[in-house]
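Colleague: Got a minute? I'd like to go through this model with you.

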Amino acid sequence: MKSEGRLLGKSGLHWLNIHLENLYAGRLDKLSYEGWVAFIENHLEDIFDSTDRPLEGRRWWLSAEDPFQCLAACINLSEALRSSSP
């Protein structure tokens, strides 16, 4: 059985931001979804640093409630944002 990828799209990118926020700081549950997305947008530099230099950089991802899943989500979000059509 072969799995085929699908385009992330605007909605998928929105939910990827929310997923990353949940992995990093699920304690922000009093915020709206838009607040969660804003939290991630305010940490894009940390997310790119985590992706590009996970061990040598600021290691923002290590402060997450679930660090390794957070790092994986940082990588996914970075790849999506750096693609030719995020």
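**Core and helices**

Modeller: Sure. The largest nonpolar core has 18 residues, and L20, Y24, I47, W60, C70 and L77 have the most contacts inside it. A nonpolar core is a set of buried Ala, Val, Leu, Ile, Met, Phe, Trp, Tyr and Cys residues joined through side-chain atoms within 4.5 Å. Buried means under 20% relative accessible area (1.4 Å probe, protein chains only).

Colleague: Which elements give two or more residues to this core?

Modeller: Those are α1 (9–25), α2 (33–41) and α4 (67–82). Helices are DSSP runs (H or I, at least four residues), numbered from the N terminus.

Colleague: Is this a predicted model, and how are residues numbered?

Modeller: It's predicted: local features need pLDDT of at least 70, side-chain atom pairs count only at pLDDT 80 or more, and totals for chains, interfaces and linings use all residues. Residues are numbered from 1 along each chain as its sequence is written, and side-chain values use heavy atoms, with hydrogens and water left out.

Colleague: Back to W60, what does it touch?

Modeller: Leaving out residues up to four places away in sequence, W60 touches Y24, F39, H43, D46, I47, S50, C70 and C74. Touching means contact, with heavy atoms within 4.5 Å.

Colleague: And α1, which of its residues are buried?

Modeller: G12, L13, L16, N17, I18, L20, E21, L23, Y24 and A25. The buried residues of α1 pack against α2, α3 (44–52) and α4.Colleague: How far apart are the end C-alpha atoms of α1?

Modeller: They're 24 Å apart, which agrees with the 24 Å that its 17 residues should span at 1.5 Å a residue. The expected span is 1.5 Å times one less than the number of residues.

Technical notes: Buried means under 20% relative accessible area, exposed over 50%, partly exposed in between (1.4 Å probe, protein chains only).
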